[in-house]
Amino acid sequence: MPYWEESERILATDLGGLCDADLAVSAQRLGASLRGLDSPGNAAEGGEIERVRLIEAEAFALVREAARRAIGLDPFPVQVVAGLAMARGRIAELPTGEGKTLAAVFPATLHGLEGRGVHVLTFNDYLARRDAAWMGPVYRMLGLSVGCVQEGMPPEQRRAAYRCDVTYLTAKEAGFDLLRDGLCIEPEQQVHRPFHMALIDEARIPLVIAGAARDDRDGLFHLADLARRLTPRIEFDTDSGKRNIFLTERGIMHVERELACDLFTGEGVVIQAALRNALHAEHLLRRDVDYIVRRGCVELVDELTGRVAENRHWPDGLQAAVEAKEGLGLSRGGSILGSISLQHLLRRYPRLCGMTATAASAADELWDIYGLRVVVVPPNRPCIRVDEGDLVFADRAARDRAVVAEIARVHRGARPILVGTASVEQSEQLAGMLQRMGIPCNVLNARNDECEAEVVAEAGDLGRVTISTNMAGRGTDIRLGGLDERNRDRVVALGGLFVIGTNRHESLRIDLQLRGRAGRQGDPGSSRFFISLEDPLVRRAGIDRLVPREHELQGTGGLDSRFVRPAIEHAQRVAEGECFDARKRVYEYAEVIERQRQQIHERRQELVERRSIPALLESRRRERWAGLIPSVGEPTLHTIERRLTLAAIDRCWAEHLDELRMLRDEIHLVALDGRTPVVEFTRAAIAAFERLPDRIDVSVVELFDSLEVTDDGVSWEALGLRGPSATWTYLISDTAFGANPLRTLANHASIGLFAVLLWSPLLFGWGLYLHWRRRRARARGPAQAEPSDTQQEP
Ligand code: ADP
Ligand code: MG
């Protein structure tokens, strides 16, 4: 095993004689020598490598001593080996439950000592919080500061967390902060420091759809609520075909009274349009007929086929209204202010490494996209888990009956069971069947990471039955006999944790992760998959044809199918290959956009930091400029121009992104006449980007022309110029690249993702309305309540 000898040397170092304060002093001394190197860390070359290796060994020995003292864990050799691999820019593969969290502290400390920040990218917010708290004492004993970033944290707290030597957070938060920083007007508003190093915990990061828009939906929710309360045929009516809906005279009066506005002038028109969408959504579109709600998203049902129409949306406003009606996050609307793919986000870190339980099956991809090599570290104690052959059933009903029967059988002996399912629906169905048989179980579906972690932690105790979807309780370790191992001996005698898989995932890694929940750190355990010939992967693999006809698959016995396993694994490799191609395509398309983003960002950043002073208006609008000097003064005029230029850049960049998005949707057509879409896309994107500087200039002049400068100052709001606090963020999957959308849904864990910052015109309209309502309320006197502002930091 590579790094083995080094690891032994490190573990042979005895620092027991040093007092706690000495540890910190030694660590800080190492930090100073690291900062003195030309190219510290794994980038070192030639004679410096020697010195770096010495510092590395000393730092690791310090971490080991601090871990013993501060949190009572004595690192295993395999943890030191994994730490060394990571310190040198590799992905360390270490099985579940072997202690990756502690292994990460070695490289994070080494690079954290350089004082330029290390991001440990965790799977979810809960783990960021948990790991920062759990490992914090080790870092602090060595004089390093630790922080964590959570969704919804205000900017000051984020900034403070990023100033720490080591920061635990999700890639999503790091990405959104990067995008939001790209919209700031002053350097003080930005939260990130320049990126230095990222350590990825679980090499692939799952996709989260429609994230943090919660606080900004109020306006639409209010309208959805209002639409619900209006009386049919009296306050609103529909045409005979039920295709259109409109307010009656009485309805208009009701709405105008309630919203204190005039629906036919100014901003009221915007409200009216939004209200019409709300009425349409509430009274003309029926849930489970015209659309369904699945995985927190509204999905349209095709009128003709009665099936879900993939990738189809209503016009933006209506889509948003339906989402508001269903109380969901808003998924569309507005224009993109910035986007970055996960791969590009990670590539922005000059140094990258990671750890995972199952990387080797994705090694090619990690190398291709991230340039990372995988080092496989064996478990501390050999794994004695027994993986039994898959059982195959004719259909899902037979499979479910068999799963329930098996659970009942094993549960009688009180052996703990963990059941992995593909979906929330399946979990609930299974739980229902168990409950009817009087078998109590816990159902987890990744809705609440924190509570689920607690349940999963107890999943190894006597008599437990836990049903969980793939994502639930990730990163939590299952100890036999419960968290405090009170019943460990009895559970060991029963054979340890029994893991049941209810279908094979498209990605072998996910299956392995599920199996890996049993047999941690040399524990006994076993696993078995129950599959149905109706499962999509099985169908695609043509396994139904492999099963001999004479086999009676209907019973609960099933077919023990050691021989279908190679076929399934072949199908998984094919499916993973397709996903990899899809991700690579996402990456290729994003490549040109990313280069352009960096250029724009650089230009913007120069303005933000006042490294460049724009001087366009003085020549293009000579008269107005000169006319304003006496009243406003020249410095203010320059400030105005600076802000207008920033706004123009953001606006034109957003338009550019929109244009590219449309281009990308259409570009696959060029494949029809034999050209390569991605090449054509890149060509067109470059051409569009070349026009951008002129468009920005024109936009600056236009903004200046429409700017009102009065004695009170400048009315930025009237121009819709707002900082990043007024934008909202969410993640989307990108299916516009010819990837099978079903596949994308089924395979959240592995699709490239875009972080998107939005600026919604509708909400903007709503903001205007509130502004106007406040004005009106003031005019009418204090009796009118002030509406709350809908524009909040996401
Ligand atoms: P992983 O992320 O690899 O699945 P964790 O970091 O969650 O594993 O750790 C799994 C369990 O192993 C934790 O309960 C932790 O306390 C324990 N553990 C980790 N390192 C050690 C060690 N050196 N000695 C004893 N227990 C350890
Ligand atoms: Mg972990």
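Two strands count as paired when DSSP finds at least two bridges between them. Keep that rule in mind for what follows. The model on the screen is predicted.

Start with strand 17, residues 465–469. Strand 15, residues 417–421, runs parallel to strand 17, and five bridges join them. One of those partnerships: V419 has I467 of strand 17 as its bridge partner. Strand 16, residues 442–444, also pairs with strand 17 in the parallel sense, over three bridges. There, N442 is matched with T466 of strand 17.

Is strand 17 enclosed or open, and why? Five of its five residues are buried, so strand 17 is largely enclosed by the rest of the structure. Look at the directions. V465, I467 and T469 point one way, T466 and S468 point the other, and all are buried. As a general matter, side chains in a regular strand alternate between the two faces of the sheet.

Now strand 5, residues 197–201. Five of five residues are buried here as well, so the rest of the structure largely encloses strand 5. Both faces are covered: M197, L199 and D201 on one side, A198 and I200 on the other. Which strands pair with it? Strand 2, residues 118–122, does so in the parallel sense, over four bridges. Strand 11, residues 351–356, is also parallel to strand 5, through five bridges. Take I200 as the reference point. L121 stands opposite I200. In strand 11, the bridge partner of I200 is G354.

Next, the nonpolar cores. The largest has 56 residues. Those with the most contacts inside it are F60, M86, V105, Y139 and Y168. Helix 3, residues 47–71, gives the largest share of this core, nine residues. What does F60 touch? Leaving out residues up to four places away in sequence, the list is I10, V80, G83, L84, A87, F106, P107 and L110. There is a second, separate core of 33 residues; Y589, L617, W653 and V701 are among its members. In soluble globular proteins, nonpolar side chains tend to be buried together.

On to the ligand. Ligand 1 has 18 residues around it, and D74, G97, T101, D477 and R479 come nearest. Helix 5 (100–112) and helix 6 (125–141) each supply at least two residues of that shell. Here are some polar distances. An oxygen atom of ligand 1 is 2.5 Å from an N or O atom in the T101 side chain. A nitrogen atom of ligand 1 sits 2.8 Å from an N or O atom in the side chain of Q79. For Q521, a polar side-chain atom lies 3.3 Å from a ligand 1 oxygen. How much of ligand 1 is covered? Taken alone, ligand 1 exposes 570 Å², and the protein buries 86% of that.

One single residue before the totals: D390. D390 is in the loop between strand 13 (386–387) and strand 14 (391–393). Buried or exposed? D390 counts as buried, because its relative accessibility is 0% and the cut-off for buried is under 20%. The D390 side chain makes a polar contact with the side chain of R504, at 3.0 Å.

Last, the whole chain. The protein chain has 794 residues, and 55% count as buried. It holds 29 helices and 24 strands. Among contacts between residues at least 6 apart in sequence, 75% join residues at least 24 apart. The accessible surface comes to about 34200 Å², with 51% belonging to carbon and sulfur atoms.

How values were computed. Residues are numbered from 1 along each chain as its sequence is written. Chains are lettered from A and ligands numbered from 1 in the order in which they are written. This is a predicted model: local features need pLDDT of at least 70, side-chain atom pairs count only at pLDDT 80 or more; totals for chains, interfaces and linings use all residues. Side-chain values use heavy atoms; hydrogens and water are left out. Buried means under 20% relative accessible area, exposed over 50%, partly exposed in between (1.4 Å probe, protein chains only). Contact means heavy atoms within 4.5 Å. Accessible areas come from the Shrake-Rupley method with a 1.4 Å probe; for residues, only the protein chains shown count as cover. A polar contact is a pair of N or O atoms within 3.5 Å; within protein, one must be able to donate a hydrogen and the other to accept it, and residues adjacent in sequence count only if both atoms are side-chain atoms. A nonpolar core is a set of buried Ala, Val, Leu, Ile, Met, Phe, Trp, Tyr and Cys residues joined through side-chain atoms within 4.5 Å. A residue is near a molecule or strand if one of its heavy atoms lies within 4 Å of it.
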